[in-house]
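Visitor: I'd like to learn how to read a structure like this one. Could you walk me through it?

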Amino acid sequence: MNKKLGLMSLTALVLSSMVGAGVFSLPQNMAEVASPAALIIGWIITGVGILFLALSLLLLSRLRPDLDGGIFTYAKEGFGEFIGFCSAWGYWVCAVVANVSYLVIVFAAVSFFTDSPNNIIFGDGNTWQALLGESILLWVVHFLVLRGVQTAASINLMATMAKLIPLGLFIIVALLAFNMDIFTFDFEGIKMGVPIWEQVKNTMLITLWVSELAMMKNPSMAPLLVQLIGNIGEIVIAAGLILSVCGAYLSWTIMAAEVPYIAALHHSFPKQLSKQNHNDAPSSSLWFTNLAVQLSLVLIWLTGSNYNTLLTIASEMILVPYFLVGAFLFKVAIERSSRGLLLIAIPASLYGLWLLYASGVINLLLSVVLYAPGVLIFLYSRKQYKDKQSLNTSEKILLMMVLIGAIPACGYLVFN
């Protein structure tokens with residue numbers, strides 16, 4: 001793009017994309033799957049793994065500055081056209097599902113103000129009223145981004161500043177109310193009847209205590225703060241969540257639209273997605289992305305799915321792109337005979353493999369189903385560009401495995 005974002009806007013964009021809906025729902029998500037001991041181990045694994053992944057990205061940006069099209073270009077350069085496409089497709093699907101989850105949870109938060117046990121309006125963000133509200137918000141943001149990334153980034157900057165207030169309040173109050181006896185009660189989760197290592201594995205997609213928190217409604221930070229400071233806590237957290245999600249949704253809308261746009265510039269996605277409007281916004285990619293979000297919202301309404309389901313899907317789809325970053329650095333380290341690079345690449349790759357294992361068979365099957373439509377996009381894209389080389393045997397086999405594997409995967413998911 002010709003128009004650049006300033007340092008403050010870029011910082012807010014990244015912060016907003018990181019601090020979205022999840023942080024407001026961590027208490028319930030954590031309590032549902034693991035004990036304090038398992039969560040501590042899980043956080044340590046995640047912290048170390050993410051550190052090595054971040055170092056891998058930093059090193060690759062220095063070693064291969066020519067690959068400036070995002071993490072999918074590392075997969076494409078290191079492992080071929082098809083795997084590069086799968087990395088871009090997985091990242092894009094993750095972004096789409098993340099945007100759907102933001103829209104769903106913002107109206108789940110609105111339900112704190114509108115719903116009662118006898119009068120469900122927005123519920124968990126999956127009622128027809130929620131679908132209507134989510135669709136309106138979706139297209140308002142869509143046309144806002146079409147006016148230019150700078151306009152959206154300015155609004156996101158204000159939302160980012162606002163979201164830090166309820167989060168800061170929650171941290172202070174929680175520290176003041178911390179009770180060691182409650183924290184250490186059933187510290188290893190014996191009453192869960194699940195081995196601690198299995199609990200650790202279950203935390204990987206949420207990365208994250210067992211008590212009455214497990215039955216709380218999302219955003220679970222709201223009823224928790226009610227217990228700490230009274231009814232005003234629910235208003236603070238719900239309002240903070242709405243501000244946070246709107247800002248994060250703006251950020252992820254921009255990033256989600258950038259993925260097909262950049263991939264199209266690198267001849268990995270259809271050329272139609274490389275078009276920009278007069279405001280330098282990736283208009284075609286934005287329409288493509290938000291139509292996918294709208295379809296997903298309808299499916300959420302039809303199936304009654306909720307935020308936790310979406311969180312799992314989004315987490316699963318990002319695993320392959322993340323693993324390929326570490327794997328590409330490993331390949332570079334071997335080519336350069338660099339022990340220093342191997343010390344970063346091996347832990348990053350192992351962390352990626354651990355995440356794929358920890359996600360479980362069901363989620364892996366789901367990811368195969370979601371990758372299968374991408375194969376059709378991939379084949380269509382290849383027909384548009386004359387510079388494409390023939391796929392090698394390994395790529396052809398992998399492509400067929402994805403298509404064929406999607407059939408039993410669909411059957412398993414439908415009947416189970």
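Guide: Let's go through some helix pairs, a few single residues and some backbone angles. Keep in mind that this is a predicted model.

Visitor: Let's begin with helices that pack together. At what angle do the axes of helix 6 and helix 12 cross?

Guide: The idea is to look at how the two axes approach and then at their angle. For helix 6 (residues 128-146) and helix 12 (residues 283-303), the axes come within 10 Å and cross at roughly 175°. Angles over 145 degrees count as roughly antiparallel, so helix 6 is roughly antiparallel to helix 12.

Visitor: Which residues make the contact between helix 6 and helix 12?

Guide: On the helix 6 side you'll find W128, L131, E134, S135, L138, W139, H142, F143, V145 and L146. Helix 12 brings S283, L286, W287, N290, L291, V293, Q294, L297, V298 and W301. Sorted by class, this contact of helix 6 with helix 12 has 14 nonpolar, five polar and one charged residue.

Visitor: Can we zoom in on one of those? Which residues does Q294 contact, leaving aside its neighbours within four places in sequence?

Guide: Q294 sits in helix 12, and its contacts beyond those neighbours are L131, S135, L138 and W139. Q294 has 18% relative accessibility, so it counts as buried; the cut-off for that is under 20%.

Visitor: And T289, is it buried or exposed?

Guide: Relative accessibility is the value to check, and for T289 it is 0%, so T289 counts as buried. T289 is also part of helix 12. Not counting residues up to four places away in sequence, T289 touches W92, V96, A256, A257 and P260. You can also compare sequence distance with spatial distance: T289 and V259 are 30 residues apart along the chain, and their C-alpha atoms are separated by 9.5 Å.

Visitor: Where else can I try that comparison?

Guide: Take E316, in helix 13 (residues 307-335). E316 and L355 are 39 residues apart in sequence, while C-alpha to C-alpha they are 8.7 Å apart in space. E316 has a relative accessible area of 3%, so it is buried.

Visitor: Now a second helix pair. At what angle do helix 5 and helix 15 cross?

Guide: Same routine. The axes of helix 5 (residues 81-114) and helix 15 (residues 361-384) come within 10 Å, and the crossing angle is roughly 125°. That makes helix 5 oblique to helix 15. As for handedness, helix 5 passes helix 15 in a right-handed crossing.

Visitor: Which residues of helix 5 and helix 15 meet?

Guide: From helix 5 come E81, F82, F85, C86, W89, G90 and V93, and they meet L370, Y371, P373, G374, V375, I377, F378 and R382 of helix 15. By class, the contact of helix 5 with helix 15 has eleven nonpolar, two polar and two charged residues.

Visitor: What span should helix 15 have, at 1.5 Å a residue?

Guide: The check is to set the expected span beside the distance between the end C-alpha atoms. With 24 residues, helix 15 should span 34 Å, and its end C-alpha atoms are 36 Å apart, which agrees. Its buried residues include N363, S367, V369, Y371 and A372. V368 also belongs to helix 15; at 25% relative accessibility, V368 counts as partly exposed. Leaving aside neighbours within four places in sequence, V368 is in contact with V402, G405 and A406.

Visitor: How many residues of helix 4 are buried?

Guide: Here you count along the helix. In helix 4 (residues 71-79), seven of its nine residues are buried, making it mostly covered. The buried ones are I71, F72, T73, Y74, A75, K76 and G78.

Visitor: Last topic: backbone angles. What should I look for?

Guide: Most residues other than glycine have a negative phi, so a positive one is something to look up. Just after helix 4, G80 takes a positive phi of about 105°. H267 has a positive phi of about 65° although it is not a glycine, and D280 too has a positive phi of about 65° without being a glycine.

Visitor: Where are H267 and D280 found?

Guide: H267 is in the loop between helix 11 (232-265) and helix 12, and D280 is placed in the loop between helix 11 and helix 12. H267 has 29% relative accessibility, so it counts as partly exposed. D280, with a relative accessible area of 13%, is buried.

Note on methods. Residues are numbered from 1 along each chain as its sequence is written. This is a predicted model: local features need pLDDT of at least 70, side-chain atom pairs count only at pLDDT 80 or more; totals for chains, interfaces and linings use all residues. Side-chain values use heavy atoms; hydrogens and water are left out. Axes are lines fitted to C-alpha atoms, for helices over the stretch in contact, and angles run from 0 to 180 degrees between N-to-C directions. Helices (H or I, at least four residues) and strands (E, at least two) are DSSP runs, numbered from the N terminus. Angles under 35 degrees count as roughly parallel, over 145 as roughly antiparallel, 65 to 115 as roughly perpendicular and the rest as oblique. A crossing is left-handed if the near helix is turned anticlockwise from the far one by less than a right angle, and right-handed if clockwise. Contact means heavy atoms within 4.5 Å. Ala, Val, Leu, Ile, Met, Phe, Trp, Tyr, Cys and Pro count as nonpolar, Asp, Glu, Lys and Arg as charged, and the others, Gly among them, as polar. The expected span of a helix is 1.5 Å times one less than its number of residues. Buried means under 20% relative accessible area, exposed over 50%, partly exposed in between (1.4 Å probe, protein chains only).
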